[in-house]
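Me: Could you walk me through this one? I'd like to go through it piece by piece, with the reasoning spelled out.

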Amino acid sequence: MGRYILNRLVRWIPSVFILLLLVYALVFFGAGDPIKLIFLQAPGDVAYDPARIDAIREAAGLNRPFLLQFWDYVLNVAQGNFGNSLVSGRSVNAMISAAVPVTLKIGLTAIVLVSVVGILLGVIAALNQNKWLDNLIVGFALVIWGIPVFVAGPLITVFLVLVLDFDVPYGWGGLFSTKVIVPLLVIGLNPMALIIRQARAGVLEVLSEDYVRTARAKGIPNYQVVMRHIMRPVLTPVVSQIGLLVIATLNNSILIEKVFGLPGLGRMTETAIKSSDYPVIMAIVLIFSIVVMASNLLVDISYPLLDPRAAAKKTEDE
Amino acid sequence: MKTSFRKYLMIGLAATALSTTGLPAWADQVLNIAHPVLEQSWSPLQGGGHVARWQSLQWAAPMYFDKDGKLTPYVLSSAKPDESFKTWTLSIDPKAVFSDGSKITAQDIVGTWNLCARPATKHARVNLFLGDVEGFNDVVVGKAKDMTGLVVNDDQTVTVTLAGPDPIFDQKIATALIPPVKISQAVDESGAQKADWWRPENGVVVSGPFMPESMDLDQGIVTLVPNPHFFGPKPKLEKIVLTTVSDPITATLMLQRGDMDAATELITPTIIQDLGADFLGGPALAKGQQFWFDASKPPMDDINVRKALTMSVNPQELALAAFPDGPFTVADQILNKVPGVDPDFPKFAYDPEAAKAALAASKYKGSDRLPKIMFVGISTPTHEAAAQYIAEQWRKVLGIQGTEMKPAIETYAGPDQKSVQVFRDDVGTRVPDAVSYLMGSIHSGSGNALNKMGGYKNAEVDKLLDEASVKGVADPDRIGNAQKAQRLFREDWMYIPYYYDVMSKWAMPWVQNFDKNDDWQVIEPWNVTIDEEKRPS
């Protein structure tokens with residue numbers, strides 16, 4: 001297992017390098033000059049003087065060849081230095097170190113909640129197949145699957161504030177603050193549908209297996225049948241969805257953090273992209289990619305724990 | 001929390017949790033402002049961006065324009081020119097001090113202005129204020145560090161030498177966008193701006209009525225408290241809290257509920273229905289919106305086409321299309337709200353028959369042979385409604401079918417970019433001066449003439465404005481020449497008048513004395529108060 005993990009980690013290095021090169025090239029050549037944008041995006045009588053903009057670019061080191069700038073960037077990142085924001089001059093390390101914990105806390109909590117509640121609802125639906133409870137849960141899953149997060153966020157907020165007269169859910173007071181309840185709800189709604197459907201389908205498949213019928217014929221109580229004989233094979237495909245769940249959560253964080261004023265990477269992403277602030281964009285891409293790759297690795301590691309056949313296959317691979 | 005017990009039961013745990021959700025309760029006379037951008041820099045030397053709109057809270061300008069547009073001393077007690085208007089002597093008010101009680105000196109003014117001009121500072125508007133100072137052009141492109149035209153005479157006076165005569169230099173520097181800062185705090189040994197020097201953790205001293213108590217850049221919350229050493233009137237507010245609220249729907253809800261009192265800027269399609277017309281209301285600005293024709297591109301290269309396009313649009317209906325719920329002021333001439341607005345300016349008339357005749361008299365003879373007409377600057381629902389109205393009028397009156405609209409020129413990618421013929425944009429001035437207004441909009445050297453009107457040049461217009469620009473403010477020919485130039489420009493049919501801007505308060509009715517000047521600044525931040533009885537509890 002140790003060698004397997006090490007192999008995976010070593011394979012990350014070229015992947016991350018290629019990803020950084022691609023994103024750097026995209027931002028460098030395609031997203032617009034951040035210095036020009038400072039002037040172009042300001043309304044009214046901004047003095048747009050090309051000679052001055054060239055001087056500012058020179059002062060910021062942006063007039064050097066692309067590969068030179070990229071190589072400098074990679075060397076700095078290798079030393080743990082993400083550089084400074086081109087727009088504000090603030091250290092990107094300082095910005096990122098404050099934002100990462102917020103996004104991770106919200107994201108991980110959402111994933112755990114979505115997984116637990118989604119699996120529970122999926123199992124309940126499957127055990128009550130074609131009954132009203134199944135229809136209710138499947139109908140609920142269909143509805144939340146159909147509502148994108150950029151619609152759900154503002155709609156739920158408007159409903160809570162204008163209809164129920166609650167305070168506007170806004171800001172960050174830590175993971176155990178009540179302020180995070182609504183964002184967690186919104187961020188988890190859409191991906192939860194995926195887990196419910198996956199869990200339901202998995203249970204329905206296992207329910208018709210001989211060993212489940214045998215276990216029931218032996219008179220084993222139903223909850224024991226579910227926990228011991230049904231859940232384990234069901235969890236394997238569900239866990240494989242966790243990787244997708246991480247990506248969905250990171251994507252959703254961009255909008256959720258903006259709507260609910262959460263000071264995480266998502267809100268920072270929006271600001272950085274608008275101003276083409278590529279040291280910040282690059283740092284966020286790097287962190288997002290590491291989180292996604294780490295989650296995929298965790299999923300891979302968890303397979304053998306859930307399914308011994310996967311463990312045997314992994315040993316062969318090693 | 002006003003939720004009834006019954007609702008409370010219905011919502012269960014979520015309601016319990018949400019009962020404490022929201023912003024911290026405020027004490028009396030705390031002004032809460034929703035700021036749309038997660039700012040990472042609150043440096044006063046940016047000259048643009050949303051931060052610059054709150055500059056007058058923390059920083060005293062050299063001088064400022066009061067509610068009546070009168071030039072008023074602030075850090076500077078006076079700015080006096082010599083007879084040639086090339087050399088100005090600036091005197092600092094002896095009472096002007098920073099928040100640590102130290103005096104604002106001539107070294108601070110000169111140092112700040114040099115720092116603003118250096119490329120690495122990235123000041124967005126320094127050219128507008130200091131562009132005529134001798135040596136500016138070398139500093140701004142990095143060839144020199146200091147302007148030769150800025151000289152410290154003694155601690156209290158600065159002599160400014162300009163490259164040419166400028167009778168309104170004192171008006172140009174009456175802006176909060178080049179506020180004197182304590183230069184020893186702001187600049188490092190290499191002459192660059194120090195990182196984060198403007199943060200309270202770094203002991204920044206300010207000159208305005210409020211000083212920063214805390215700046216949480218990660219959460220996006222900035223708290224200001226009164227400056228105990230402020231050399232002007234004592235501020236009435238106990239605290240100002242600027243909170244980043246990026247989502248316009250959330251910001252609107254917070255304003256409706258009284259969680260927020262004002263916004264830096266808020267644009268939504270239903271803003272008047274949601275927050276009332278007063279929220280957007282404010283005094284008229286010396287700024288107007290127009291649809292400019294680029295006469296270097298067909299079919300705008302034919303004056304008869306330009307006449308036809310202009311006369312087929314009803315200015316009243318155009319403004320009404322953009323602002324169905326009001327308020328708006330229909331534009332006609334370029335000049336607005338400056339001494340020299342022409343009371344007898346011949347307005348563009350809506351005349352469909354004359355428009356048809358003009359198009360028939362053009363080299364295109366009719367609408368069939370006209371190339372597609374492309375608009376840019378259609379960046380908001382308001383402008384989109386106006387542009388759609390214009391296109392519809394052109395279709396109805398002239399039979400023109402081919403029109404296309406895009407938000408901004410830099411997003412108009414592809415081969416069509418160089419074919420754009422109509423630009424929606426504003427022109428205006430920060431100083432109450434007709435010549436300055438027209439120099440920036442219809443003179444051939446202006447960005448507007450170069451970029452929006454395809455290099456428009458009328459030698460007579462240029463001559464009149466050039467002559468007027470060196471005449472004293474009291475000289476009647478200064479205004480006379482400007483009015484003549486504007487009438488000559490009108491005869492070139494280069495624009496469709498749209499509307500005159502107002503300086504929106506973007507504040508709820510319970511915020512008092514929140515007037516802003518043409519510089520986007522709250523004119524007298526020390527007088528701002530809140531009528532708590534009107535604010536929702």
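Me: Is B:Asp368 buried or exposed?
Reply: Happy to start there, and bear in mind that this is a predicted model. A residue counts as exposed if 12 or fewer other C-beta atoms lie within 10 Å of its own. B:Asp368 has 9 such atoms within 10 Å, so the class is exposed.

Me: Where does B:Asp368 sit, and what separates its C-alpha atom from that of B:Leu398?
Reply: B:Asp368 belongs to the loop between helix H14 (352–361) and strand E14 (373–376) of chain B. Along the chain, B:Leu398 is 30 residues apart from B:Asp368. In space, the separation of their C-alpha atoms is 9.9 Å.

Me: Let's step back to chain B as a whole. What is its radius of gyration, and what would a compact globule have?
Reply: Chain B has 537 residues, and its C-alpha trace spans about 75 × 70 × 40 Å along the principal axes. For that number of residues, a compact globule would have a radius of gyration near 24 Å. The value for chain B agrees with this, at 25 Å.

Me: How many helices and strands does chain B have, and what share of its contacts joins residues at least 24 apart?
Reply: Chain B holds 19 helices and 19 strands. Of its 537 residues, 50% count as buried. Taking the contacts between residues at least 6 apart in sequence, the share that joins residues at least 24 apart is 69%.

Me: Which strands are at the edges of the open sheet E4-E5-E7-E6 of chain B?
Reply: This sheet has 4 strands, and their pairing is antiparallel. An edge strand has a single partner strand, so one side of it is left without a neighbour in the sheet. In chain B that applies to strand E4 (76–81) and strand E6 (150–154).

Me: By how much are neighbouring strands of that sheet turned against each other, and which residue stands opposite B:Ala79?
Reply: With direction ignored, the turn between neighbouring strands is 20° on average. E4(B) and strand E5 (residues 87–92) of chain B pair in the antiparallel sense over 5 bridges. Opposite B:Ala79, in E5(B), stands B:Leu90.

Me: Which helix lies across E5, E6 and E7 of chain B, and at what angle does it run to E6(B)?
Reply: The helix is H4 (residues 106–117) of chain B. One of the residues in the range of this helix, B:Ala117, is in contact with B:Val126, B:Leu130, B:Phe136, B:Val139, B:Val140 and B:Met147, leaving aside neighbours within four places in sequence. As for the direction, H4(B) runs to E6(B) at about 170°.

Me: How many residues are in the largest nonpolar core, and how many in the other core that lies apart from it?
Reply: Those with the most contacts inside the largest core include B:Ala117, B:Ile33 and B:Ile240, along with A:Ile196 and A:Ile284. That core has 165 residues. Apart from it lies another core, with B:Leu285, B:Phe328, B:Ile334 and B:Ala449 among its members, and its count is 65 residues.

Me: What is the strand order of the 5-stranded open sheet in chain B, and which residue is the bridge partner of B:Asp216?
Reply: The order is E8-E9-E10-E1-E11, with mixed pairing. Strand E8 (210–216) and strand E11 (262–263) of chain B are the edge strands, each pairing on one side only. E8(B) and strand E9 (residues 221–226) of chain B are antiparallel over 6 bridges. Within E9(B), the bridge partner of B:Asp216 is B:Ile221.

Me: Is strand E17 of chain B mostly covered or mostly exposed, and which residue is the bridge partner of B:Val330?
Reply: E17(B), residues 495–502, is mostly covered, since 7 of its 8 residues are buried. Strand E12 (residues 284–293) of chain B runs antiparallel to E17(B), with 6 bridges. Strand E13 (residues 329–330) of chain B is also antiparallel to E17(B), with 2 bridges. In E17(B), the bridge partner of B:Val330 is B:Tyr499.

Me: Now chain A: why is helix H11 described as largely enclosed, and which helices cover its buried residues?
Reply: Of the 10 residues of H11(A), 265–274, 7 are buried, so the rest of the structure largely encloses this helix. Among the buried ones are A:Leu265, A:Met268 and A:Ala272. The cover includes, in chain A, helix H5 (92–127), helix H10 (222–260) and helix H12 (278–306).

Me: How are H10(A) and H11(A) oriented to each other?
Reply: Their axes come within 7 Å and cross at roughly 95°. Angles of 65 to 115 degrees count as roughly perpendicular. That makes the orientation of H10(A) to H11(A) roughly perpendicular.

How values were computed. Residues numbered from 1 in each chain as written. Chains lettered and ligands numbered in written order. Predicted model: local features only at pLDDT ≥ 70, side-chain atom pairs only at ≥ 80, totals over all residues. Rg over C-alpha atoms; globule rule 2.2 N^0.38 Å. Buried ≥ 20, exposed ≤ 12 C-beta atoms within 10 Å, placed from the backbone. Contact = placed C-beta atoms within 7 Å. Pairing = 2+ DSSP bridges. Core = buried A, V, L, I, M, F, W, Y, C linked by C-beta atoms within 7 Å. Axes fitted to C-alpha atoms, helices over the stretch in contact; angles between N-to-C directions. Parallel < 35°, antiparallel > 145°, perpendicular 65-115°, else oblique.
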